[in-house]
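Got your viewer open? Load the model, colour it however you like, and keep the selection box handy.

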Amino acid sequence: MDQYSILGRIGEGAHGIVFKAKHIETGETVALKKVALRKLEDGIPNQALREIKALQEIEDNQYDLKPANLLISSTGHLKIADFGLARLFSNEGERLYSHQVATRWYRAPELLYGARKYDEGVDLWAVGCIFGELLNNSPLFPGENDIEQLCCVLRVLGTPNQRVWPEINELPDYSKITFKENPPIPLEEIVPDTSPQAVDLLKKFLVYPSKQRISARQALLHPYFFTGPLTAHHSELPIPQRGGKHSRQRLQPSHEFSVDRPLHESLVDPALVQGYAQ
């Protein structure tokens, strides 16, 4: 802690307090999490150890994706935060995972049915929920408990069966509860006043079988991202003003920007920020 200067308090959760701090030597701004230790003899809580391990192996995680955990800097850079519910993921072996892996509103249906084996599709479902929330200005599936959460999903996508979801009988909790048969509601009615390209992308995320959900790589090439109005480069985004007293100013690009510029040139190398993830 002697290497950092505390700038303020960012937030507080069930497992600790997050502070904004500056590295004294480099001047880099970082987030520091203070973990509450109720009994020193119990050692470091498992939750904290899981977060540390998740940060160390950040490319092989399943995240707790939700709007509150997506932080956008004043320069337009998106950062994923809070690894408290993240899980390390591997395609190899027969490892069983906890189904309590994401915040309820963004939890994939296989997790709601108690799946202990799953893949990166749970993250893609969460991305779809977040995308739909941005389009709709409100959460798509705001359930107050796991059963109601499943009801919210089924109410929109329709009651699943083996025809639309062949693996559904294999899920641990599928036979424990039955739901009234109901047909799906067209997503055009759920997110009205939305472009056809956006609705089509949303449909490709919100699919019952995990393997049939669009991959992140495929999603980046979807027509939605190439249909006007085109997305802005982060160097062209307006800088928000504190307190709202002044009108927003546009950040002057430090270099020429072209839509033909390869995407990877705009991305931050994870290796460059690992040293500042506390």
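What follows is a walk through a few stops in this predicted model.

**The whole chain**

Start zoomed out, with everything shown as a cartoon. The chain has 278 residues, and 31% of them are buried. Eight helices and nine strands make up its list of elements. Switch on a surface if you like: about 17,900 Å² is accessible, and carbon and sulfur atoms hold 53% of that. One more number for the overall view concerns contacts with a separation of 6 or more: 50% of them are between residues 24 or more positions apart.

**Two helices side by side**

Now select residues 121-136, which form helix H3, and add 196-205, which is helix H6. Their axes come within 8 Å and cross at roughly 150°. Which way do they run relative to each other? Angles over 145 degrees count as roughly antiparallel, so H3 and H6 are roughly antiparallel to each other. The crossing of the two is left-handed.

Show side chains where they meet. On the H3 side, pick Leu124, Trp125, Val127, Gly128, Phe131, Gly132 and Leu135; on the H6 side, their partners are Ala198, Leu201, Leu202 and Phe205.

**Arg213, tucked away**

Stay with H6 and follow the chain onward to Arg213, in the loop that leads from H6 to helix H7 (216-220). Is Arg213 buried or exposed? The cut-off for buried is under 20% relative accessible area, and Arg213 has 4% relative accessibility, so it counts as buried.

Display everything around it. Setting aside neighbours within four places in sequence, its contacts include Trp125, Phe205 and Tyr208. Ala108, Pro109 and Glu110 are also among them. For a polar partner, look at Gly121: its backbone oxygen is 2.9 Å from a polar atom of the Arg213 side chain.

**Two loop residues with positive phi**

Next, select Asn137, in the loop between H3 and helix H4 (146-157). Phi here is near 60°, a positive value in a residue that is not glycine. Asn137 is exposed, at 72% relative accessible area.

Then jump to Asp193, which sits in the loop between helix H5 (187-190) and H6. Its phi is also near 60°, positive although the residue is not glycine. With 84% relative accessibility, Asp193 counts as exposed.

**A cis bond**

Select Gly228 and Pro229 and show the backbone as sticks. The peptide bond joining them is cis, with omega at about -5°. Pro229 belongs to the loop between H7 and strand E8 (238-239).

**A buried asparagine**

Move to Asn69, in the loop between strand E4 (61-62) and strand E5 (70-72). Asn69 has a relative accessible area of 5%, so it is buried. Add Lys79, 10 residues away along the chain, and check the C-alpha distance: 8.3 Å.

**The start of the chain**

Finish at Gln3, in the segment before strand E1 (4-13). Gln3 counts as partly exposed, at 48% relative accessibility. Which residues does Gln3 contact, leaving aside neighbours within four places in sequence? They are Lys22, His23 and Ile24. With His23 there is a polar contact from side chain to side chain, at 3.3 Å. Ala21 is 18 residues from Gln3 in sequence, with 9.8 Å between their C-alpha atoms.

Definitions and conventions
Residues are numbered from 1 along each chain as its sequence is written. This is a predicted model: local features need pLDDT of at least 70, side-chain atom pairs count only at pLDDT 80 or more; totals for chains, interfaces and linings use all residues. Side-chain values use heavy atoms; hydrogens and water are left out. Helices (H or I, at least four residues) and strands (E, at least two) are DSSP runs, numbered from the N terminus. Buried means under 20% relative accessible area, exposed over 50%, partly exposed in between (1.4 Å probe, protein chains only). A polar contact is a pair of N or O atoms within 3.5 Å; within protein, one must be able to donate a hydrogen and the other to accept it, and residues adjacent in sequence count only if both atoms are side-chain atoms. Contact means heavy atoms within 4.5 Å. Accessible areas come from the Shrake-Rupley method with a 1.4 Å probe; for residues, only the protein chains shown count as cover. Axes are lines fitted to C-alpha atoms, for helices over the stretch in contact, and angles run from 0 to 180 degrees between N-to-C directions. Angles under 35 degrees count as roughly parallel, over 145 as roughly antiparallel, 65 to 115 as roughly perpendicular and the rest as oblique. A crossing is left-handed if the near helix is turned anticlockwise from the far one by less than a right angle, and right-handed if clockwise.
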